[in-house]
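Subject: Structure for you to look at

Hi,

Here is the structure I promised. Please open it alongside this email.

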Protein chains: 2
Amino acid sequence: MPAGDQAETRRIALIAGNGSLPAQIADALAAAGREFRMVAIRGEADAPTRGRADAELGWGEIGRLYSFLKTTGCRDILLIGGVTRRPDFTSILGDFGTLKRLPTIIRALTGGDDSLLTKVIRLFEDEGYRVVGIKDVAPQLLASSGVLGRVQPSQDDWRDVELALRATEKLGELDIGQAAIAVGGRVIALEGAEGTDAMLQRCAELKRIGRVRAKGRCGVLVKTAKPNQDLRVDLPTIGPVTIDLAQAAGLAGIAVEAQGALVAERDEALRKADAAGLFLVGLDLSPDAGTSDR
Amino acid sequence: MPAGDQAETRRIALIAGNGSLPAQIADALAAAGREFRMVAIRGEADAPTRGRADAELGWGEIGRLYSFLKTTGCRDILLIGGVTRRPDFTSILGDFGTLKRLPTIIRALTGGDDSLLTKVIRLFEDEGYRVVGIKDVAPQLLASSGVLGRVQPSQDDWRDVELALRATEKLGELDIGQAAIAVGGRVIALEGAEGTDAMLQRCAELKRIGRVRAKGRCGVLVKTAKPNQDLRVDLPTIGPVTIDLAQAAGLAGIAVEAQGALVAERDEALRKADAAGLFLVGLDLSPDAGTSDR
């Protein structure tokens with residue numbers, strides 16, 4: 001990067017998957033006066049994202065993507081939003097730019113989810129681009145430390161937080177999932193490939209059928225990053241839907257890692273949490289963090 | 001225990017929860033010429049169990065249970081079958097024998113699942129009874145070591161076995177679940193309070209919606225005991241239903257711990273596994289086990 005090329009003045013390309021996050025990031029960047037262009041991933045990006053995108057490209061159009069980055073002068077890239085369908089081999093057989101890079105791309109597409117994302121980053125970096133994260137461009141969207149809403153966790157809630165946190169740490173060591181639910185002093189659900197939302201729905205069902213018994217609002221969802229998770233492309237995220245599902249599951253609250261998780265649609269999420277009587281906390285998990293706030 | 005009181009001649013009381021296991025154990029004991037009496041747990045035991053039970057007792061009838069054990073001369077107890085509904089406080093307020101023991105019972109009913117079972121055992125042992133396991137009375141029902149059916153695991157299958165096994169070990173350290181599923185080199189599901197069957201159904205759904213991608217029959221269910229699990233009362237179990245669900249989930253096979261898991265309805269389970277092309281293996285996890293068979 002040339003000297004004097006201030007990071008905060010570089011134009012950013014948002015490469016946008018599904019969900020409402022790409023539009024929120026676009027809003028945050030616009031509010032901060034940051035220049036950006038948006039590319040919607042075909043088959044993933046939702047209508048509002050596609051509506052404000054400068055281009056829409058499929059998995060096979062890597063060549064066109066690089067042309068877009070070049071002509072728009074974007075050298076920073078933010079990969080944002082969900083990708084539900086992992087591209088299969090045939091869908092990447094696209095334009096010439098793709099074919100040219102095929103050997104590298106094929107190598108990148110093999111292996112687990114996390115190494116895939118890491119390799120996608122490397123694909124961009126190998127061509128001189130910089131992959132940034134939300135932390136770099138819109139840190140105000142990350143969870144801050146402490147109790148975020150109006151509801152305070154009880155002592156029992158903190159015990160469940162500790163239990164579920166220990167479970168997510170184990171999950172992380174195995175590079176499996178990011179989230180766990182503890183209810184009444186017992187971990188009852190661990191996230192695998194199903195994702196956090198499906199796990200919350202399972203928790204609601206377990207309570208409904210009496211397999212997990214709890215009196216009143218009880219239990220905690222903890223969601224943290226895995227040790228090797230690249231937060232630039234894979235940030236633990238909660239939002240209004242998470243709050244709704246946690247409420248439906250009869251949980252008392254949600255805990256995420258401060259500075260290490262995104263609270264999507266923050267105002268709406270906090271409003272819902274307060275209204276439902278759910279707590280929302282950001283845990284300071286940095287090695288030098290005291291335990292006095294917990 | 002008095003000298004000369006041979007364990008294999010002592011009359012056993014089967015205290016039977018739900019599922020087909022109590023009847024199978026009764027068959028195995030009858031075939032081996034062991035004397036036994038069966039008590040069906042009201043609200044848990046299925047009709048076939050209740051049909052051959054000598055008594056049916058509810059959670060609150062602890063006093064009656066002890067009378068039954070005394071009059072039938074049973075001093076060994078086998079707790080067998082599932083218990084779906086954890087007894088709540090009110091349902092144990094039963095007969096005089098229960099009330100007399102209430103302080104002890106209340107202490108036993110607090111805490112996690114495992115400690116509860118351990119404490120239930122202690123309740124019996126404190127009154128001079130011996131709680132035995134399937135290993136003690138019908139070891140032939142446990143999984144043996146090696147490939148149990150006709151289908152052999154491939155090298156990829158063994159890799160998934162190793163991965164899922166490592167996950168169940170972590171789960172065990174946290175005293176959470178007993179089972180995990182790995183597909184194509186990735187752990188995709190971990191068992192929490194939902195149980196193995198529900199986890200297998202989730203795996204089928206994850207494949208159906210494309211969230212887990214696998215070509216052909218692929219992936220392994222591994223089910224092992226937790227480190228502190230008392231195998232006398234809580235033995236990892238698979239059976240024909242497990243095979244059906246593993247088949248529906250598109251898995252390649254199932255691995256359990258040799259001598260540490262029950263294969264319920266073994267003949268039927270093996271027949272189904274062979275017919276579905278699923279492997280079934282017993283892993284020798286004893287500390288001095290070589291790895292040559294894996």
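Below are the notes on confidence, one sheet and the contact between chains.

This is a predicted model: local features need pLDDT of at least 70, side-chain atom pairs count only at pLDDT 80 or more, and totals for chains, interfaces and linings use all residues. Residues are numbered from 1 along each chain as its sequence is written, while chains are lettered from A and ligands numbered from 1 in the order in which they are written.

Confidence: chain A has a mean pLDDT (the predictor's confidence in each residue, from 0 to 100) of 86, and 83% of its residues reach 70 or more. The model's ipTM is 0.75 and its pTM 0.79.

Sheet: chain A has an open, six-stranded sheet with mixed pairing, in the order β6-β13-β11-β9-β7-β8. Strands (E, at least two residues) and helices (H or I, at least four) are DSSP runs, numbered from the N terminus. Pairing takes at least two DSSP bridges between two strands. At the edges sit β6 (146-147) and β8 (186-190) of chain A, each paired on one side only. Strand β7 (residues 179-183) of chain A runs antiparallel to β8(A), with four bridges. Ala180(A) has Leu190(A) in β8(A) as its bridge partner.

Interface: 24 residues of chain B are in contact (C-beta atoms, placed from the backbone, within 7 Å) with 24 residues of chain A. On the chain B side, α8 (155-173), β8 (186-190) and α9 (196-208) each supply at least two residues. β8(B) gives the most, with five residues.

Best wishes

Terms used:
Contact = placed C-beta atoms within 7 Å.
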